[in-house]
Amino acid sequence: MTDALPRSTVTGLVWPALPDSVGASLLAVHYQLAQSEWWPAPRLAEASRGQLGVLLRHARDTVPAYAARLAGLPLDDADSVTAHWQHVPLLRRADVQALGDDLHSRTVPADHGQVIEYHTSGSTGRPLRGVETELSHFFFGALNLREHLWQRRDFAGSFAAIRTNVSQARLSGWGRAIEAVFQTGPALTLPIYTALDVQLDWLLEHDPDYLLTHPSNLRGLLLLAQERAARPARLKGLSSFGEQLPDDLRALCRQIWGLPLADVYSCEEAGYIALQCPQVPEHYHVQAENVLVEVLDAAGRPCAAGDTGEVVLTTLHNFAMPLIRYAIGDYAQVGPPCACGRGLPVLRRVHGRARNLLRLPDGSRHWPSFPAQDWLAIAPVRQFRLRQTAAERIEVDLVTARPLDSAEEAGLQTMLQSRLGHPFRIALQPLADIPRPPGGKFEDFVCDMDDPSA
């Protein structure tokens, strides 16, 4: 990266020290990110190793939990860090909860700004309280700007978000980070727990240019809009986050509203993990300048392109609460180098968590898929959720436009048995609504036979 800006002696990264103008800082860092994304993969990896070494030494010296976890490892240079990296134990969600404040640094570098508290949604049943610095939060804003620019959004338009942790509101702009750089149109927010028909009415009334929501919520909106032959007239872009992306959702967006979908892989603890490539939509580019992502097989070895494994994160710039080799609980498929030419690592697909795996009687497991057209070809299904409650039993919560007849029920059972790859006993349970869990993230399949803390 360029030396035109002051270099932090703590992080080794070039960035404008706080409290410089947020807009100038974001533009400067975005300029550097616009260069680094095109670096060859070996150069990006080398830069990450240098930052990783600084982070590890800081964690060993100032974070009580890491004094023991990193004890005895040579951390003096990038080569020694690489050689001994596999000896650093994985950090799991239960570990983070148990360690508590012992994961907090006792000496946060002054030029990283104030320490900020955050909380995760607790979709795993294990909510977390964490802390980050103004610097690590600043990187969230810089990568948010990168995502908007990659997807070529018109900042003069209006941006609607239907999500958790918001109230119904009309805001003057798209958020502090974006407004610091661009003059934007308004932002509109609506809680995701709002009834689906009310959500669609709200969208039609406000007619935004862009919409952000969870994949499951977007699917519901699309199917309801198709049923009502409704479409917000100005809508020109859709984006999703927070859940596994169903196989058919991109095609559904184009079929019903004629729009592309840009998906984002993120989490509260690390911010943006991977952004959808603007040229190759099936690829997610790891945000390697800010987070180290490993995808590991069952033996803890790095997966090759095409293989699926457990996602393990290391946050490179949060010196208040470093998360080093944090097993987030997700699974992903490693992708090949991207045809777009960016050197950023590629995830080909982001799967759900282990609890989203179907368990077959022969012991094999896989992530099931339930395309919308399979349901709608049989019955007027508006929402569904499957739970595997026993080795041979699947319970299906089902919201439909009207009561189903016996032929439709039999058709759904046959379709599901075919999709699941086994003649499970299928129990259909009609409901008026399937409420979202407290964290707001919806899962269309959960294996209740698994221990959710595993």
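Helices (H or I, at least four residues) and strands (E, at least two) are taken here as DSSP runs, numbered from the N terminus. This is a predicted model, in which local features need pLDDT of at least 70 and side-chain atom pairs count only at pLDDT 80 or more, while totals for chains, interfaces and linings use all residues. Residues are numbered from 1 along each chain as its sequence is written, and side-chain values use heavy atoms, with hydrogens and water left out.

**The whole chain**

Begin with the whole chain in a cartoon view, where the secondary structure comes to twelve helices and 21 strands. Along the principal axes, the C-alpha atoms fill a box of roughly 70 × 55 × 40 Å. The radius of gyration (taken over C-alpha atoms, with a globule rule of 2.2 Å times the number of residues to the power 0.38) is 23 Å, which agrees with the value near 22 Å that a compact globule of 454 residues would have.

Next, colour by accessibility: buried means under 20% relative accessible area, exposed over 50%, and partly exposed in between, with a 1.4 Å probe and protein chains only. Of the 454 residues in the chain, 53% are buried. Switching to a surface, the chain exposes about 19,400 Å², an area that comes from the Shrake-Rupley method with a 1.4 Å probe, where for residues only the protein chains shown count as cover. Carbon and sulfur atoms supply 52% of that exposed area.

A contact means heavy atoms within 4.5 Å. Among the contacts between residues at least 6 apart in sequence, 65% join residues at least 24 apart.

Now select the charged side chains, counting Lys and Arg as positive and Asp and Glu as negative, with His and the chain ends not counted. There are 42 positive and 51 negative side chains, and the centres of the two sets lie 1 Å apart, when the place of a charge is taken as NZ of Lys, CZ of Arg, CG of Asp or CD of Glu.

**The loop between β2 and β3**

Select Leu128, which lies in the loop between β2 (115–119) and β3 (129–133). Is Leu128 buried or exposed? At 7% relative accessibility, Leu128 counts as buried. Leaving out residues up to four places away in sequence, Leu128 touches Arg93, Val96, Gln97, Tyr118, His119, Thr120, Glu269 and Tyr326. For a longer span, draw a distance from Leu128 to Pro260: the two are 132 residues apart in sequence and 34 Å apart in space, C-alpha to C-alpha.

**Two residues with positive phi**

Move to Arg152, in the loop between α6 (134–150) and β4 (159–163). Arg152 has a positive phi of about 55 degrees although it is not a glycine, and its relative accessible area of 75% makes it exposed.

Following the chain past β4, select Asn165 in the loop between β4 and β5 (169–171). Asn165, again not a glycine, has a positive phi of about 60 degrees, and with a relative accessible area of 80% Asn165 is exposed.

**The loop between β12 and β13**

Select Pro302, found in the loop between β12 (291–296) and β13 (308–315). Pro302 counts as exposed, at 58% relative accessibility. Its contacts, leaving aside neighbours within four places in sequence, are with Gln86, Val295 and Leu296. Pro302 and Gln86 are 216 residues apart in sequence, yet their C-alpha atoms are 9.9 Å apart in space.

Asp297 lies in the loop between β12 and β13 too, and is partly exposed, with a relative accessible area of 24%. From Asp297, a C-alpha distance to Thr107 reads 35 Å, for a pair 190 residues apart along the chain.

**Trp367 and its surroundings**

Select Trp367 in the loop between β17 (365–366) and α11 (372–376); at 19% relative accessibility, Trp367 counts as buried. Which residues does Trp367 touch, not counting those up to four places away in sequence? They are Gln244, Thr308, Tyr331, His351, Gly352, Arg353, Asn356 and Leu357. The C-alpha atoms of Trp367 and Ala354, 13 residues apart along the chain, are separated by 8.9 Å.

**Cysteines**

Finally, select the cysteines. A disulfide is counted as a pair of cysteine sulfur atoms within 2.5 Å, and by this rule the count comes to zero disulfides. Cys267 is in no disulfide, and the nearest cysteine sulfur, that of Cys303, is 19 Å away. Cys267 counts as buried at 12% relative accessibility, and Cys447 is also buried, with a relative accessible area of 2%.
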